[in-house]
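Okay, thanks for making time, everyone. I'd like to walk you through one model today, so have a look at it first and then I'll talk.

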Amino acid sequence: MPLTPLDIHNKEFSRGFRGYDEDEVNEFLDQIIKDYEMLIREKKQLEEKVAELTEKLNYFSNIEETLNKSILVAQEAAEEVKRNAQKEAKLIIKEAEKNAERIIGDALAKSRKIALEVEELKRQSKVFRARFRMLVEAQLDMINSRDWDELMEYETPDLEEEVKEPLCVSKIFVGDIQE
């Protein structure tokens, strides 16, 4: 067990015939006591400082460990988010491709339908044109017919006869026109 300043102070030396000078020994012991007390105080302060620093070191070690774990968790979370984003992107691309194919298919179907309708309209236009040409030619034939010339040469009956029978003339005109 180490000596304390009190142990040094209370130490009694046995006296010999020709011993040391008592005042000199006491003065030296007082100096040793002061130095020893100072060393003990410094040791205690240093032990307290070591304990404080050890506590801080443990605190910062815990923080470092927590931060390392947090970084790992954040990296894992980031990787998971990245994987999920890539999966979602692939799904979006697949859906967009399906929609594009559907839209293209619809457009092609509409295009074919319109092309068929255009062909049908062309056919109907040809039929209409042919019928219209026939109608116009028939009308021209009728205009160019001799019946018109005969009609112009037709003499009107006497007015007295017309007054007596006004319906006959109108029958003649109506009958000629209908033929």
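**A helical chain, from pocket to salt bridges**

Let me begin with Glu80: this residue is partly exposed, with a relative accessible area of 36%. Keep it in mind, I'll come back to it. And a reminder before we go on: this is a predicted model.

So, the overall picture. The chain has five helices and zero strands, so from the N terminus you just read α-α-α-α-α. Of its 179 residues, 3% count as buried. The accessible surface comes to about 17,400 Å², and carbon and sulfur atoms account for 59% of that.

Now, where is the largest pocket lined? Its volume is about 440 Å³. There are 17 lining residues, and the closest to the centre are Phe13, Arg15, Glu22, Val25 and Asn26. Two elements, α1 (5-10) and α2 (22-144), give two or more residues each to that lining, with α2 giving the most, six residues. By class, you get six nonpolar, five polar and six charged residues in the lining.

Helix α2 turns up again in the nonpolar surface patch. That patch covers about 870 Å² and is made by Phe128, Phe132, Leu135, Val136, Leu140, Met142, Ile143, Trp148 and Leu151. Both α2 and α3 (146-153) supply at least two residues of the patch, but α2 gives the most, with seven. Take Met142 as one of them: it sits in helix α2 and counts as partly exposed, at 43% relative accessibility.

On to charges. Side chains of opposite charge can pair when their charged atoms come close. Here the count is seven salt bridges, and I'll show you three, including the one with Glu80.

Glu80 pairs with Arg83, and their closest N and O atoms are 2.6 Å apart. The two are three residues apart in helix α2, so about one helical turn separates them. Arg83 is partly exposed as well, with a relative accessible area of 40%.

Further along, Glu120 bridges to Arg123, at 2.5 Å between the closest N and O atoms. Again we're in helix α2, three residues apart, about one helical turn. Glu120 is partly exposed at 31%, and Arg123 is partly exposed at 45%.

What about Glu52 and Lys56? Their side chains meet in a salt bridge of 3.7 Å, N to O. Both lie in helix α2, four residues apart, about one turn of the helix. Glu52 counts as partly exposed at 39% relative accessibility, and Lys56 counts as partly exposed at 43%.

Key
Residues numbered from 1 in each chain as written. Predicted model: local features only at pLDDT ≥ 70, side-chain atom pairs only at ≥ 80, totals over all residues. Heavy atoms only, no water. Buried < 20%, exposed > 50% of the residue type's maximum accessible area, 1.4 Å probe, protein only. Areas by Shrake-Rupley, 256 points an atom, 1.4 Å probe, with all protein chains shown as cover. 1 Å grid on protein atoms, 1.4 Å probe; cavity = no way out; pocket = protein on both sides within 12 Å on 5 of 7 lines; lining within 4 Å. Points joined across faces, edges and corners; volume = space filled by probe spheres on them. Nonpolar A, V, L, I, M, F, W, Y, C, P; charged D, E, K, R; others polar. Patch = residues over 30% accessible without salt bridge, like charges linked within 9 Å, V, L, I, M, F, W, Y side chains within 5 Å. Salt bridge = Lys/Arg side-chain N within 4 Å of Asp/Glu carboxyl O.
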